[in-house]
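Dear colleague,

Please find below the structure I promised to pass on, together with its sequence. My notes on what was found in it follow directly after.

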Amino acid sequence: MRVRAATAVAIVTLLAIAACVIAPGLIATQAPDAIDPTHLLLPPGGTHLFGTDQLGRDLFSRMVYSARSSVLVAVGATVSSSIVGGAIGLLSGFAGGWIDVVLMRAVDVMLAFPSLLLALAVVGILGSSPVNVTVAVAIAIVAPFCRVTRAQVLHVRAQPYIDAAAIGGVSPVRILFRHVIPNASGPVLLVGLMGTGVAMLASSSLSFLGLGPTPPATDWGALAASGRDYLGTAWWLTTFPGAAVVVTVLAVMTLHRAWTRS
């Protein structure tokens with residue numbers, strides 16, 4: 001019962017975040033960039049649900065509008081890494097031989113580096129922008145997709161019906177697309193769900209360090225960073241954006257756990 005309740009809360013949370021991404025204007029109470037010098041650093045409450053920042057802007061509205069950038073970067077990085085990692089793992093597991101050895105040793109090298117450190121290095125090379133952050137995070141989390149896909153392909157290839165198809169004269173390409181890919185895709189999708197949470201943490205961390213979107217564009221990580229100088233007097237500037245990242249990641253991981261147990 002507890003698992004079902006947690007899963008329901010996670011689904012509702014992600015639906016609310018999706019609504020912020022799709023239609024922020026219907027949820028935000030004020031214009032996100034409206035400056036009001038008479039309402040600087042107001043605490044949460046009243047007409048400002050999450051308070052105001054150092055320029056008098058409504059924090060709740062800014063968080064609603066920032067959800068799109070935060071979510072799109074995380075989802076874009078996950079989709080990109082799943083496609084690239086899945087293709088590498090598929091080629092490695094299906095081709096075997098020296099191709100498998102070379103590709104997996106390259107993946108081992110990537111796994112030797114912490115994902116955030118690898119993403120920092122890529123952003124340092126490419127430069128700071130939402131697209132580059134997406135690419136950097138995708139590169140940082142691509143290795144697990146390679147490993148899982150390869151493992152699933154090897155498992156499917158060992159099944160008797162694959163041997164029967166090969167003996168029956170079915171071409172390797174037909175075996176790949178008709179039998180291997182459909183039967184190996186399930187666990188990869190599961191890893192993709194978990195990868196979305198990891199990508200959210202990585203992209204928010206990069207933004208917190210100043211490597212995210214360039215102002216006036218912003219995301220939750222950048223919002224949290226902007227409140228660092230006011231922690232003693234305006235705790236809400238960092239707390240609420242940070243909590244949005246944590247809640248989103250927890251909701252994603254809760255769905256991942258529920259899917260794993262089902």
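I begin with a detail of this predicted model: the side chains of Ser 207 and Asp 219 are joined by a polar contact of 2.6 Å. Ser 207 belongs to helix α9, and with a relative accessibility of 5% Ser 207 counts as buried. If neighbours within four places in sequence are left aside, the residues in contact with Ser 207 are Gly 212, Pro 213, Asp 219, Gly 221, Ala 222 and Ala 225. In the next position of the chain, Phe 208 has the charged end of Arg 228 over its ring, at 4.8 Å from the ring centre.

For the overall picture, the protein chain has eleven helices and zero strands, and from the N terminus on its elements therefore read α-α-α-α-α-α-α-α-α-α-α. Of its 262 residues, 42% count as buried, and the C-alpha atoms fill a box of roughly 80 × 45 × 25 Å when this is taken along the principal axes. Where contacts join residues at least 6 apart in sequence, 70% of them are between residues at least 24 apart.

Helix α3 has 37 residues, and the distance from its first C-alpha to its last is 53 Å, close to the 54 Å expected at 1.5 Å a residue. There is nevertheless a kink of about 35° in α3, and it is centred on Ser 66. Just after this helix, Gly 96 takes a positive phi of about 70°. A positive phi is also found at Leu 41, which is not a glycine and has a value of about 50°; most residues other than glycine have a negative phi. Leu 41 is located in the loop between α2 and α3, and at 25% relative accessibility Leu 41 counts as partly exposed.

A second polar contact that I would point out involves Asp 100, a residue of helix α4 (residues 97–111), whose side chain meets the side chain of Arg 150 at 2.7 Å. Asp 100 counts as buried, with 12% relative accessibility, and apart from neighbours within four places in sequence Asp 100 is in contact with Ser 92 and Arg 150. Arg 150 is itself one of the buried residues of α7, which also include Val 142, Ala 143, Phe 145, Cys 146, Thr 149, Gln 152, Val 153 and Val 156. The buried residues of α7 pack against α3, α4, α6 (130–140), α8 (160–167) and α9 (172–208). The 16 residues of helix α7 (residues 142–157) should span 22 Å at 1.5 Å a residue, and the end C-alpha atoms are 23 Å apart, which agrees. Arg 157 has its charged end over the ring of Phe 94, at 5.9 Å from the ring centre.

Turning to the aromatic residues, the count comes to four aromatic pairs. In one of them the ring centres of Phe 50 and Phe 240 are 4.3 Å apart and the planes are at 10°, so this pair is stacked. Because Phe 50 lies in the loop between α2 (24–27) and α3 (59–95) whereas Phe 240 lies in helix α11 (residues 236–261), the pair ties together parts that are 190 residues apart in sequence. Trp 235 and Trp 236 form an edge-to-face pair, with 5.7 Å from centre to centre and 85° between the planes. These two tryptophans are not alike in accessibility: Trp 235 counts as partly exposed at 43%, while Trp 236 counts as buried at 4%. Together, Phe 50, Phe 60, Trp 235, Trp 236 and Phe 240 form one aromatic cluster.

Finally, Trp 259 is also placed in helix α11, where it is partly exposed, with a relative accessible area of 40%. Not counting residues up to four places away in sequence, Trp 259 touches Leu 189, Leu 190 and Leu 193. The C-alpha atoms of Trp 259 and Thr 7 are separated by 9.6 Å, although these residues are 252 apart along the chain.

With best regards

Definitions and conventions. Residues are numbered from 1 along each chain as its sequence is written. Side-chain values use heavy atoms; hydrogens and water are left out. Rings of Phe, Tyr and Trp (its six-membered ring) pair if their centres lie within 6.5 Å; planes under 30 degrees apart count as stacked, over 60 as edge-to-face and the rest as tilted. Helices (H or I, at least four residues) and strands (E, at least two) are DSSP runs, numbered from the N terminus. Buried means under 20% relative accessible area, exposed over 50%, partly exposed in between (1.4 Å probe, protein chains only). A charge sits over a ring if NZ of Lys or CZ of Arg is within 6 Å of the ring centre and within 35 degrees of the ring normal. A polar contact is a pair of N or O atoms within 3.5 Å; within protein, one must be able to donate a hydrogen and the other to accept it, and residues adjacent in sequence count only if both atoms are side-chain atoms. Contact means heavy atoms within 4.5 Å. The expected span of a helix is 1.5 Å times one less than its number of residues. The bend at a residue is the angle between axes fitted to the seven residues ending there and the seven starting there.
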